[in-house]
Amino acid sequence: MERCLNSSNSRLSPTTLLLLLFFPALLLSFDFKVASYNVENLFDMNYNGSEYKEYIPNKHGWSRDKLAKKLLNISEVICDIDADIIGLQEIENKNVLKQLQTSLRKVGCTYKYLAITHKKDSAIQVAILSKIPIQSKKEIVVNRKLGYRNILEVKIIINNNPLFVYVNHWKSKASKERKRIISAKALRRRLQELSKGSEYILLGDFNSNYDEYLKVPFTGINHILKTINRDGIFIRPYSIGKNSFEHYNLWLDLPNYRRWSHNFYGDKQGLDAILLPYTMFDGKGIDYIINSFYVFKKSYLFHKKGYIFRWVYKKGRHKGKGYSDHLPIVASFSTNKPFANLEQSISKGYIRDILNKNCSFPILLENVKVVFKDKKVVEVEDSISKEKIIIYGGEDSFILGSYYNIVVYGVKLYKNKYEIVDFGLKKRYYSTTKKKD
């Protein structure tokens with residue numbers, strides 16, 4: 001039978017509320033929400049020479065009215081998310097960040113605390129807005145060259161528990177992976193300077209998909225920040241090493257086909273991410289609330305045709321409508337919901353075990369052959385029993401006719417048939433000859 005983890009919102013009883021009123025020291029529980037949002041080029045109306053040409057004040061239709069509209073639209077999104085802490089990317093400077101703070105306050109969402117990087121001559125920075133006091137701020141210099149954005153570190157105290165939050169915006173996908181590796185190494189060096197047992201959250205626009213290693217042999221997100229192990233299997237909460245430098249990518253909370261926050265001409269990818277270390281799953285201090293991760297997908301963020309309703313710049317003019325080309329991502333944390341660290345082991349099995357509901361996940365399927373491939377699905381066949389099962393959302397991971405070892409983490413029932421919706425590749429055989437025993 002499949003193991004399931006469920007989260008629930010805590011509620012305080014009237015008796016507890018009365019006790020806390022007279023004895024505030026008894027307040028031991030605190031739940032909070034963290035988000036990340038690339039707002040797509042939020043520039044002010046002051047000319048300083050480093051702006052993108054489309055955002056030079058009073059040119060291309062970029063005016064005070066257009067800025068006010070963009071601020072209002074972004075405020076609508078942030079207010080709907082209602083996170084306690086939100087990391088932002090593509091903010092020009094502190095001036096426009098304060099304008100966003102004011103805009104949010106006008107629509108009833110107060111973020112009293114803020115922090116932002118300041119790299120000279122850089123067109124855009126990373127920032128953070130918080131409802132909880134920020135104790136300290138630090139900038140991690142990735143590279144002195146223009147084009148590498150600094151990483152923002154803030155320290156926040158949650159119920160006497162220090163929490164470090166890192167806001168990232170790595171080099172674009174148009175750049176070589178080696179440039180994102182430089183950012184990853186700078187972040188890793190800083191993290192390794194922290195005291196043992198420190199609790200931290202890595203978030204932002206990493207410009208890297210959660211499974212980037214399937215396209216690039218060596219990556220910043222998978223290999224430097226270690227979201228996969230030596231065998232190429234994703235780090236999961238139950239497998240993360242206590243004293244190792246490893247991270248769980250929260251995209252793995254969702255089925256494969258839902259792991260995206262950016263859609264570039266049909267290429268859906270999870271460029272934005274939240275990564276967590278062992279200390280966010282150890283049952284001490286602050287812990288991640290399992291399965292609380294989601295992509296914020298309100299209907300107004302999409303056109304009627306289904307694509308993301310980004311800020312509209314058309315025929316050299318700002319049209320004064322739209323939001324961003326990225327969707328926000330959100331996760332919740334608590335000081336009173338210690339993570340249930342299941343001691344899960346991967347057992348070997350067969351497709352028939354899944355079809356007959358006679359298995360416990362995760363399950364390893366060895367030597368399965370890809371016998372069909374479409375735009376959204378692939379079908380694999382067991383090399384022994386010849387039984388077949390559909391994998392939904394994995395078309396980019398497989399080659400027709402090849403054999404694979406697949407770790408299955410979750411399935412769903414679709415039209416009375418089970419489909420694999422959460423999986424990882426343990427080994428790939430690119431030839432059309434299966435592994436010899």
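## Salt bridges

In this predicted model, the count of salt bridges comes to 12. One of them brings together the side chains of Glu-40 and Arg-310, with 2.2 Å from N to O. This pair links distant parts of the chain, 270 residues apart: Glu-40 sits in strand 1 (residues 31-42), while Arg-310 belongs to the loop between strand 14 (294-295) and strand 15 (313-314). Glu-40 is buried at 5% relative accessibility, whereas Arg-310 is partly exposed at 39%. There is a further partner to look at here, since Glu-40, Arg-310 and Asp-325 are linked in a network of salt bridges.

Another of the salt bridges joins the side chains of Glu-212 and Lys-173 at 2.6 Å, N to O. Glu-212 lies in the loop between strand 8 and helix 5, and Lys-173 in the loop between strand 7 and helix 4, so this contact ties together parts 39 residues apart in sequence. Glu-212 is buried, with a relative accessible area of 4%, and Lys-173 is partly exposed at 30%. Glu-366 and Lys-348 also meet through their side chains, at 3.8 Å from N to O. Here the partners come from strand 19 (residues 363-373) for Glu-366 and strand 18 (residues 347-349) for Lys-348, 18 residues apart. Glu-366 is partly exposed at 28%, and Lys-348 counts as exposed at 63% relative accessibility.

## The disulfide

If you search the whole structure, you will find one disulfide. It joins Cys-79 to Cys-109, with the sulfur atoms 1.8 Å apart. The link of Cys-79 and Cys-109 is right-handed, with 50 degrees about the S-S bond. Cys-79 is in helix 2 (residues 64-81) and Cys-109 is in the loop between helix 3 (94-106) and strand 3 (113-116), so the bond ties together parts that are 30 residues apart in sequence.

The burial of the cysteines is worth a glance too. Cys-79 is partly exposed, with a relative accessible area of 22%, because the cut-off for buried is under 20%. Cys-109 falls in the buried class at 8%, and Cys-359 is buried as well, at 11%.

## Helix 4 and its surroundings

Helix 4 covers residues 177-191, and its length works out nicely: at 1.5 Å a residue, its 15 residues should span 21 Å, and the end C-alpha atoms are indeed 21 Å apart. Its buried residues are Glu-177, Arg-180, Ile-181, Ser-183, Ala-184, Ala-186, Leu-187, Arg-190 and Leu-191. What covers them includes strand 5 (134-140), strand 6 (151-158), strand 7 (161-169), strand 8 (199-205) and helix 5 (220-224).

Take Ser-183 as an example from this helix. It is buried, at 2% relative accessibility. Leaving aside residues up to four places away in sequence, Ser-183 touches Val-142, Tyr-148, Ile-151 and Trp-170.

## An open sheet

Strands 5, 6, 7 and 8 return in an open sheet of six strands, ordered 5-6-7-8-12-9, with mixed pairing. Strand 5 and strand 9 (248-249) are the edges, each pairing on one side only. Strand 9 meets strand 12 (residues 272-276) in the antiparallel sense, over two bridges. In this part of the sheet, Tyr-248 stands opposite Leu-276 of strand 12.

## Confidence

The protein chain has a mean pLDDT of 89, and 90% of its residues reach 70 or more. Over residues 1-13 the pLDDT is below 50, and beyond near neighbours in sequence this stretch has 26 contacts in the model.

Definitions and conventions. Residues are numbered from 1 along each chain as its sequence is written. This is a predicted model: local features need pLDDT of at least 70, side-chain atom pairs count only at pLDDT 80 or more; totals for chains, interfaces and linings use all residues. Side-chain values use heavy atoms; hydrogens and water are left out. Helices (H or I, at least four residues) and strands (E, at least two) are DSSP runs, numbered from the N terminus. The expected span of a helix is 1.5 Å times one less than its number of residues. Buried means under 20% relative accessible area, exposed over 50%, partly exposed in between (1.4 Å probe, protein chains only). Contact means heavy atoms within 4.5 Å. A disulfide is a pair of cysteine sulfur atoms within 2.5 Å. Two strands pair if DSSP finds at least two bridges between them. pLDDT is the predictor's confidence in each residue, from 0 to 100. A salt bridge is a side-chain nitrogen of Lys or Arg within 4 Å of a carboxyl oxygen of Asp or Glu.
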